[in-house]
Amino acid sequence: MASKSFDTLHDEMIHDAQMDYYGKRLATASSDSTIRVFDVDAESISQTSKVLSEHKGPVWQVSWAHPKFGTILASCSYDGRVLIWKETAETGWTVIKEHKKHKGSVNSIAWAPHELGPILACGSSDGRISLLTFTEEGVWEDQMIDEAHPAGVNSVSWAPAVPAGAITKPGSNSAPITLVKELVSGGCDMLAKTWLWSNEKNRFEQSGTLEGHSDWVRDVAYAPNIGLPRMYLATCSQDRTVLIWIKDASSPDQWKKTKLTETPFPDVVWRVSWSLSGNLLAVSCGDNKVTLWKENLQGNWEQVSEYNEKGAVTTGPSGSQTSGPKQINNSVNSAPPAGTAAASTS
Amino acid sequence: MEVKTEVEMKDHAVINLNPGLFAVGRSAEWSERNRTLLTDIHPFKSELVACVGGKKAKEELSHPETVFEQDLNVYFIKWNNIPDNQLAKSQELMEVQEDGEEALVERVGMEHLLKLSTYYRDSIMRHLSILQGEVLDDCDTENGQANEEAQAFQYIHALWQLCEIFYFYLTSPQDQVQDHYIDWLNKNFPSPSTMEGQSIISDSDPVNHEDSPLDASESAEEIKNLVVGMPLRHEETSISAYNTKWRDWHNRCRMIYRAMEGGEENDEAWSHLHKLVSLLQGDEESIMESSQSWQEAVCAMLLYSQPTITVANFPDLVETCFGSFGVEESSAFDHATVSLINGNLGKFIILCNQIDWWFVAHITNLLYHMGLLEELDSMFPVDMHEYFITSYAETLVSHSSLWRVALDYFANCPKSGHEFLEQYVLHIPLTSDRKTKKLINIMAKQKSNRDQYGAAIINYSKINDTRNISQIANNLISAYISTGDLSYVKVIDSVIGLNSLYTSSMKFLSQYRDFHELYKSQRFVEAGKLLVSLLTTHTAPRKFWITILIDAIPLLEGDELVFDTFETYELMRCAEEIATSPRKRDYFMCLINAGQPSKTVPNDVIESSIAEMEQQMQVLNMACVRNLARATIVQY
């Protein structure tokens, strides 16, 4: 089990850390109003560019655009602004767009799937969601969803652009697929809401309300849907629970809700994050643990692994000597625990 | 400053980080003090980023907070990490997969699947012997890792072979199990080992034991004869002969056992012999007592109690033995073995999944190709076949060398593989020309498997792979011969203009399609000229000549004169060349087989098809002669 760590050299707490599309760079956002960008490779981590310090308040989140649009990073801040940064070889990082239509802290940002073009969704404490689009005419346009979550928006996430089950048939290359333009938001009203683009009205319309949490919804995340005929969505909350919402391609208006665990997590669940293929969910929580979850063959969610502070107790300096990698073991341990009761091995 | 952090994987699937992000036992306090944990999964690897996160912004706090160094660290943590020292082994096992899949493409029935299965097992055995070598080499240093791995591979091999036995060899419920089971046990769990055997032989000689009372040594002699005289299935010519002999022998065992009753029960030697005979006469209780494992007990029952047990009754015997050895203490391997024997494939696969990911991916692949997974479709919400292959492949993507293998696995999943492939391929940074070429090649192969020939050709042309472009053209030609449908050829329209893909077969295909277009629009003269030029310029492959010549018949017989004398001569020359060619039959066969892909054409069909084609060639000859006459009149 290899692991590496490094000091970001921020002056205040970190609020976000995001890897780019290739996993070669990492951007961190901090309460010290700055963003730092690091180059990551197998051997080392280095900060090659200057500190990005145009924000006037804590930076909540950063989001990398798809590389086909260039090296673009968006950031949102307590100062109520969203900045879009572009890196070029000549000038390094420069702000190419300042978006200041929000009247409160901007808490969350997310780039749309690249198929939809360069569109950034921003959720703010002013209760609104804004959509910032770089048009074909070369200008930025913005659109507001008012009163999305009147008490404040904490998180936004885009649905995969290719609908679930659309390309499961081999050789289906004839009809063009209609892309989905939909996003989900989580707010202080304890709700998650989905918003679908309406071509007729030329704006986003609310398409669903996901009721289930009993406190602020902290994070929402649509799963990528490779090879599956359904859509997955994870929401986590201050109520210490994670809910998985599943929608079958056959009944596209119905979200089925499943609790990730019956017993609540020990503390506020802060982040949910899906793997590339959407079959693994990482949950991080105020109890100092990251847990990995996978849906097993029977459709239940099971914990694959967790990592926490226990290592400090169980292994001293010599303990680390025995932590040699064991391939067979690892693959046993991290296999989706799909056992029935009878299959128990202990 | 860099903090050295070790992550360790312990039992129960817990990854431990040492040192932890927060002080031990203080996580509640940390949570109250505005801290939480942030995480982001790597865009495509089995890796994540984690760091301490501030819940509220600095401005939102009533008191200024103190920030510690560990609050500002970011951690990269990998799971499913395949270490470099295992790379060679992983790759070796991968190669089997690749070669194996080639064989599967042909889908040629159980016989080939069995070959494939054996191939896998051989490679597991090879890998196992390397591991066992390592264990022996390192006996001083207690190489626990190699030892554990060797054990795991031993289990994998045992399950694989058992699968083979029950799904390839013992296919009827009336088949007898004994031989196969004993072979299986000896091969996978030899006991006693050769060394132990030697020591047993040199250790004691019960017959001449000095302290034995007389009747014990007499019995010993008798028992020795009994053991030596035990009939063995492979020594007999038929099952019934074996049965008869075994019954006789069994009766002798029982007689001796009865004769021994009331003997010197206090004498140690005697009681050993008594126990031995009770084993030989198949006493279940004694067998369970004396066996070291349930597998061994099953073997003893097969030898001494139920030698002719069939596949249908075998599960009951196994359950009995397994039950008396304590189900609670058994491993996933034990349970998997029993499930397999019981024919409970769903449970078997779930258990294999707990044993090893490589194993479950490949064994389900085999079961899938044998058509055995269909019955499980309703049991699980996912496609089991591709679920395990893609899950395994995903663990390989992270590796700097194995990513290529991972993509090959994806490419072998017809349903979802393409989407996995596209996602991962897009994320892999292109750091060298070689890598780029390989990626394009994989994508093209996948596209061509999915009949997306146009896209495949574009991909292949980017790397100047004319061999594969020709292959696609040949596929399209075969597709035309079998279906008469040329609509496929449209795909090449989109790519015409890229001159590098103008291989001869692609050129032929394109022109042949033009011929049909001309014919359809009744521009017969142009169509005819094009057809003849396909022959004279050698654009058409020889195997396709018959088709072209037959295509010419309606043009020869039409109202309009299409071919002039020269062209007619050319048609006749080609017809003659086919008729006198030593490969004539091959050309016919080629057309017949192309019309019947995946099937073996019965002989009578072949003969009647050839007769029909011969007849058409006769028609052609006649038509050519008539046309020659018409053309001559017009020309002169």
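Me: Buried means under 20% relative accessible area. With that cut-off, what share of the 636 residues of chain B counts as buried?

Reply: Happy to start there, and please keep in mind that this is a predicted model. Chain B is built from 28 helices and five strands. With the cut-off of under 20% relative accessible area, the buried share of its 636 residues is 51%.

Me: And chain A, what percentage of its 346 residues is buried?

Reply: Chain A has two helices and 25 strands. Among its contacts between residues at least 6 apart in sequence, 46% link residues at least 24 apart. Of the 346 residues in this chain, the buried part is 59%.

Me: In chain B, what share of the contacts between residues at least 6 apart in sequence joins residues at least 24 apart?

Reply: One pair that is 30 residues apart along chain B is Trp358(B) and Phe388(B), whose C-alpha atoms are separated by 8.6 Å. Taking contacts in chain B between residues at least 6 apart in sequence, those joining residues at least 24 apart come to 62%.

Me: Is Trp358(B) buried or exposed?

Reply: You can find Trp358(B) in helix α15 of chain B, which covers residues 357–369. Its relative accessibility is 3%. The cut-off is under 20%, so Trp358(B) counts as buried.

Me: How far apart are the end C-alpha atoms of residues 52–86 of chain A?

Reply: This span comes from an unreviewed UniProt entry, which lists residues 7–48, 52–86 and 210–245 of chain A as "repeat: WD". Residues 52–86 are 0% helix and 49% strand. Between the C-alpha atoms at the two ends of that span, the distance is 11 Å.

Me: Which side chains make a polar contact with the side chain of His213(A)?

Reply: His213(A) sits in the loop between β17 (203–211) and β18 (217–222) of chain A. At 7% relative accessibility, it is buried. At 2.7 Å, its side chain makes a polar contact with that of Thr235(A). At 3.1 Å, the side chain of His213(A) makes another polar contact, with that of Asp239(A).

Me: Is Met190(A) buried, partly exposed or exposed?

Reply: Met190(A) is among the residues in contact with His213(A), and it lies in the loop between β15 (182–187) and β16 (191–198) of chain A. Its relative accessible area is 34%. The range between 20% and 50% is the one for partly exposed residues, so Met190(A) is partly exposed.

Me: What is the phi of His538(B)?

Reply: Most residues other than glycine have a negative phi. In chain A, Met190(A) has a positive phi of about 70° although it is not a glycine. His538(B) is in the loop between α24 (524–536) and α25 (545–557) of chain B. It is not a glycine either, and its phi is positive, at about 60°.

Me: How are helices α16(B) and α18(B) arranged, roughly parallel or roughly antiparallel?

Reply: Helix α16 (residues 384–397) and helix α18 (residues 417–427) of chain B have axes 11 Å apart and pack at an angle of about 15°. Angles under 35 degrees count as roughly parallel, so α16(B) and α18(B) are roughly parallel.

Me: Which residues in α18(B) are met by residues in α16(B)?

Reply: The crossing of these two helices is right-handed. From α16(B) come Glu386(B), Thr390(B), Glu394(B) and Val397(B). In α18(B), the residues they meet are Gly417(B), Phe420(B) and Tyr424(B).

Me: And α26(B) with α28(B), roughly parallel or roughly antiparallel?

Reply: Helix α26 (residues 565–580) and helix α28 (residues 603–635) of chain B pack with axes 9 Å apart, at an angle of about 160°. Angles over 145 degrees count as roughly antiparallel, so α26(B) and α28(B) are roughly antiparallel. Residues that meet here include Tyr569(B) and Met572(B) from α26(B), and Leu620(B) and Leu628(B) from α28(B). As for handedness, the crossing is left-handed, and the arrangement you asked about is roughly antiparallel.

Me: What are the residues in α26(B) that α24(B) meets?

Reply: α24(B) and α26(B) pack at about 45° with their axes 10 Å apart, which makes α24(B) oblique to α26(B). Their crossing is left-handed. Lys529(B), Val532(B), Leu535(B) and Thr536(B) of α24(B) meet, in α26(B), Glu567(B), Glu570(B), Leu571(B) and Cys574(B).

Methods
Residues numbered from 1 in each chain as written. Chains lettered and ligands numbered in written order. Predicted model: local features only at pLDDT ≥ 70, side-chain atom pairs only at ≥ 80, totals over all residues. Heavy atoms only, no water. UniProt positions renumbered as here; feature names shortened; annotations may be inferred. Helix = DSSP H or I, 4+ residues; strand = E, 2+ residues; numbered from the N terminus. Buried < 20%, exposed > 50% of the residue type's maximum accessible area, 1.4 Å probe, protein only. Polar contact = N/O pair within 3.5 Å; in protein donor to acceptor, adjacent residues only side chain to side chain. Contact = heavy atoms within 4.5 Å. Axes fitted to C-alpha atoms, helices over the stretch in contact; angles between N-to-C directions. Parallel < 35°, antiparallel > 145°, perpendicular 65-115°, else oblique. Left-handed = near helix turned anticlockwise from the far one by under 90°. Lists of a residue's contacts leave out its neighbours within four places in sequence.
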